[in-house]
Amino acid sequence: MYAAELVGVTKRFGPVLANDGIDLAVARGEVHAVVGENGAGKSTLMSILYGLHRPDAGEVRRDGHRVVLRSPTDAIRHGLGMVHQRFRLFPGLTVAENIVIGAEPVRKGRLDRAAANEAVAALSERYGLRADPSALVGGLPVGVRQRVEILRALYRHAEVLILDEPTAVLTPGETERLFEVLRTVAATGVSILLVTHKLSEVLAVGDRVTVLRQGRVTGRFTTSETDADELVNAMIGRSLTPPVRRRAHAPAGDPLLEVRDLTVRDADGVARLSEVSFTVRPGEIVGLAGVAGSGQRELIDSVTGLRGAVPEVLLTGTPVKAGRDPRVAYVPEDRHGRATAPAMSVAENVLMGAQRDLASRWALPRAKVRARARDLVDRFSISAASVDVPIGALSGGNAQKAVLARELTRPSTVVVAEEPTQGVDVGVRERVHDLLRAARDEGAAVLLQSSELSELRDLADRILVLYEGRVVAEFPGDATEKELGRAMTGATG
Amino acid sequence: MSAPAVAHRVVASAPVVAVAGALLLTTLVMLVVGVDPALAYPALVRGAVLDGNLEYTVAAFVPTLGMALAFALPLRAGEFNLGGDGQLAAGGVTAAAVALLVPLPPGAAVVLPLIAGAVAGGLVAVVAAPLSTRLGIPAIVSTLLISAPAVSLASYLVRFPLAEPNTGIAQTPPLPDAAHLPALGGSGYLTIGLPLIAALTALWLYADGRTVLGYEIRATGQNREFARYGGVRVGRVAALALAGGGAFAGLSGALIVLGPPHRFVDGALTAPGYTFTAVAAVLLASARPVVVPLTVALLTFLQVGGQGMEREAGVPSQLTQIVQGLIIVIVAVLATLRARRPR
Amino acid sequence: MNVFEWSFLAGVLTATAPVLLAALGGLLCQVAGVFNIALEGQLLWGAFVAVVVSDLTGSAWTGVAGAVAATVVFSALLSGPAVALRADPIVVAVGLNLLALGLTAFLMRQIFGSGGTYSSPELAGLPDLGELGLDVPVLREQSPLVPVALLLVAVLAFWLTRTRSGLRLRAVGQHLDAAQAVGLRVSGYQHGVTLVAGALCGLAGAQLSLGNVTLFSEGMSAGRGWIAVVAVMLSGVYPGRLLLACLLFGVAEAFGFRLQGAGLPQQAADAAPYVITLAALVLAAVARRRRRSYEHA
C-alpha cells in the first residue's frame, strides 16, 4: 500500500493540458523525486495533491483510500504537508508562532507560548532541524526559513511531505544539509516528494524518480539503477544537448561595458557590492552566477542607470546616465513587476523607451505606434490576437518575447539579461538563447545573469561568480557546475 | 456589429448599470422614508432642464467638469486627488485677490486672475507629489489633509483681509467690471467659462491618448516600476499630473468667482459639492476618459435637479449625494466582477 | 495661558476619544490586511444614528447601542464589496464616505424637519463620570465611553499578542496566501474585523454626538475619520503607538481651541489638527525613508 497515490490525474487550464492522465505512487518512508523541465506539469500535479487545484479527472489516494481535497486545510487533515518554492511564512511572527499557527496550544483561553516553544524545540531536536523558537522569521536566513516550513509540516503531523524546488534558493552547502534532514525525516517513515529539475539532486537524494514531460509521465526509475543520460532522455525526449556552438574568433575591441571598483552600500551603510570590477567586450557574453541576493540586483541596477548616475560604470567609455541609460537594453526578471504593465496593450508595452523617437514634437501618432508593434510581433513571432490586447493576456513565453523584442531593437550596444528564460517553455527558451547569441554576433556586449548554471554554460564566454557582493571567481564558459557551485559558496579556487 | 448588439453593449455597460442600480436603491430609500418617487423624479427633471433651469444646469456643468479633470488627470498617473475643495478655494480666493488688488487693463483683468487661480490650485496640489513619490504617503490622504487648511485659509482671507468692509458677511467686495467673465450671448449664468473648459477637456483628451506625456502619465499610473524601468521620470510625471489636476481645480474656482455674482463668498465654492460630484463622475466613466464629459453632464443634471426637487417636492437635495455614493460603490463592484469574468 | 491645567487635559481627552475609537477599528483592519478608509463616513453615520435613537427613545445608552448596530450594518457595505468581492477598497470607501454624508443630511431633514444642526432639551446625552460618582479631575466631565476607549487600547493589545485569534489575525494581515495555506479562513477574519471596526466607529460617533456634545450637525465628523486613518498609518499594528498618535491629535485640537480663546481666528483652530497631523506624518515618513532610500535612488 502506498502512502500517497495520484491515479489518472488530468488537469486542463483553458487550452493548456497541464496534466494528462498522470499516475504517481509514493511509498512510506521513501524520497521520491518528481523531475521535468519548466512547464512539464510538476507544480500543477503537486498543487492537486495539496488541495490547491481540483483535478478534472482522476483521484488522490492516501494509504490506499480515496480522498477528496478541496483545500489545503483538507490536505493538512489528511496528513499532507507542503513546502512551497516561495515560502509561506509570516515575517512578523516568531519561529514558534509560524510553526504552530492553525493548531496552536491554548491554555485558559490564552495562547500558550511556553508550550509552543517547547513543542518546537522538541521537534527541532528530533529531526536535527535547528531553529530558535523565539526568533522573528523576518530576520532569518533563507535556509533557516525553509527549516521552519518543514517543521511546520511535521508539527501538523505530515506523513507525506511535498517540497517544491527546495534547493532553488539554497547554497550548495545548505543543499547538502537539507538532504541530510530529508533522509532523517524519511527514516522516521515520512514520505517525501521532491520536485526539482536538477538531476544531480535527484541522483543524490532520491530513492525513486518519476519523470514528467508535457504533462505526461515519460519515465519511472529507481535511482540506483539509472543515470543522468537516461533521465535527460526522458525529460527532454532527446539525448544530452550537443556541445555548445561557440564562435571560432575571440571577442575583440575596446570594452563596451566597464565596471571599475564599484562599491554599493544600502541605507544602513552595509556594503551590498564591494570593489566589483569587470569588462564586457563587443561580441562577448559574460555570465553572472551566484546565490540569490549576492549583489546581482545592485549590480544590474547600477549598470542600467536605475540606481542613478554611477561614475564607476562606463558604457563605451563614458559614465552611465541616470534614469535609464539608452545605451543599455535590459531584460528584467520580474515580468509583471518591472518588464511590463500587464493592463496596457502589447503596442503600448513594446513602445516603452521608444516613445520619444516615434513622436513628432508632442504628438505620438497611434498609427505609428501600432505599426511598429505589428512589425515587432511579426519579426519576433509573438503570438497575440492583436497588438491592442493587454500584454497580461499573453502567455508567459509570448510576453517574454515581447520584452526581448522591445529591448533588443533598442539602439543599444550593451545587453543586460536577467533570468531571461524563467517560467518559459523549452521552445521559447531556445528562441531566447538564439536571440541573445544573435545580439552577441552583431557585436553587442551581453551581461547575462541566471540562476541556471546550464544556461550560463550554454551561452557565456566567461562566467563571473558573485558572493556576498564580491566577484570571487571568474571561469571560462565551459566551467563545470561543480566548480561554479563551489565558488558560489565563497570557497574560492 | 449590428445595431441591437451595439444597443446591448451600451445598456450592459458599467456606467449604465451603475446609474440604474443607484437610482433603484435611491428609490427604495425614498419609499422607506415616505417620499413619492412619482412626484420626486418629475420634479428633479423639471428642476434640471425646464423652466429656464437648463441654463443654470449648464452653468453648474462648467466647474463640475473642471473638478472632474482635477481628479481624473492625477488618477491617470495613479494618484488619488481628493483635495479638490482646498485647491478650488485656493484658486477662487487667489483670483479674487488678484482681481481686487491688482489694477489691470481690460482683457488681462480676466486672464490674469484665471491664471493666478490655476497656479494657486496647482501649488496646493503639487505639495502631495513629493510626499507620495519620495515619502510614500498616499496622495489620497495627503491631498485631503492639505485641503482642510487651504479651505480654512481661504475662509480666513475672505473674512478678514479681503472682506467687504462694514457688512459682516463673509465675502469679498464685488470684483471690478473689467474682471467679469464675458457672458455668453446675453445669458445671466453662462460665461465664456463653458467654451474654455470644453476646449481644455478636448486638449486633455488629446494629450492623454496621443502625446508622449499622456503615454508616460498612463504608464506611471498602470505600473510605476515599469515606467521607471523604461526611463520615465515618474516622480516628475506624478508631480506634473497632480499640479495639472490642482490647476484645473484652481481654474474652476477662479471661473466661479469671476462669474456671477462676481465675488468670493465664503463656502460658495465648496458647499455645492463639485469635488465629489466630479469624483463620482470620473469613477463612473471607469477609466474611459472620453466618457467623462457625459458622466459629468449626467451627475450635474442629478445635482441641479435635486435642488429643484427640494424646492418643488420638498425632497431634500442631499438625495443626490446618496445617488453619487451608491454609484461609486456599484462601479467598484462591477469593475471587480468584470475582471473575474473569463473572456 | 496655562497649558498644564486640568481643563486642558480634559479637553485633550475629549478631543482624543472619538478619533481613538475609530482609529482602533482602523488598526484592526490594518492588522488583518484590510485597507479601511471609510472611517470618516462610518463615524458620521454612527454620530447621526446615536442622536436619532436617543431622541426617539429618550435613552442615551439605547442611542449608543443603536449607533453600534447601525454602523456595523453600514460597514457591511465595505466588507461585502471589498472583502468578499475583492473590489477596490479605496473606491468603495470613497463612495461610502459620500453616501454617509448624503444619507445623514437627507435623513436629518426627513426626520427632524430641517438641516444644519439638531439639538433639543429632550435629547439625552451620555452622563458625565462625575454624575456617576467618579469625581476626579480630568475625568469628571467625560462620558463613560472615554475610559472605555482607553481600556480598549489595552484590550486590543492583549488580544493581538496573547490570544489565538489575535495571532491568526496578524498572520492573515502579514501573508494572505500563507494564512490560507495553513488552513485559516482568511475572508472570515477580514469580514470580522471590518464589522468590528464598524462597531468601534459606531461608538466613536456616539461619543462625538452624545458625549463630546449633545447634538448632531451635518458633516460633524469633520475629518476625524481621516485623522484616524493617519493615526493608523503612523502606528503600524501597535495599539500603544496608536494611543500616542491620537493623543497628539487631541492636543492639537485642544490647543487650537485655546488659541481661539486667546483671540486667534477660528480658521487657525480649524486648521491646526490637520497641519499637525500632516507634519507628524511627514516626520514619521522622513524617519522611515532611510530604509526605503534604495528603491527611490
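**Exercise 1.** Which side-chain oxygen reaches to the backbone nitrogen of C:Trp61 at the start of α3(C)?

*Solution.* The model is predicted: local features need pLDDT of at least 70, side-chain atom pairs count only at pLDDT 80 or more, and totals for chains, interfaces and linings use all residues. Residues are numbered from 1 along each chain as its sequence is written, chains are lettered from A in the order in which they are written, and side-chain values use heavy atoms, with hydrogens and water left out. The oxygen belongs to C:Ser59, and it lies within 3.4 Å of that nitrogen.

**Exercise 2.** Compare the span of helix α3 of chain C with its expected value, then locate its kink.

*Solution.* Helices are DSSP runs (H or I, at least four residues), numbered from the N terminus. The expected span is 1.5 Å times one less than the number of residues. For the 25 residues 60–84 this gives 36 Å; the end C-alpha atoms are 34 Å apart, which agrees. A kink of about 30° lies at C:Leu78, shortly before C:Pro81; the bend is the angle between axes fitted to the seven residues ending there and the seven starting there. After the helix comes C:Arg86, with a positive phi near 60°.

**Exercise 3.** Describe the interface of chain B and chain C.

*Solution.* First, contact (heavy atoms within 4.5 Å) joins 45 residues of chain B to 45 residues of chain C. Next, the buried area (accessible area, 1.4 Å probe, lost on being put together, summed over both) is about 3700 Å², 80% of it on carbon and sulfur atoms.

Technical notes
Buried area = accessible area lost by both parts, 1.4 Å probe. Helix = DSSP H or I, 4+ residues; strand = E, 2+ residues; numbered from the N terminus. Polar contact = N/O pair within 3.5 Å; in protein donor to acceptor, adjacent residues only side chain to side chain.
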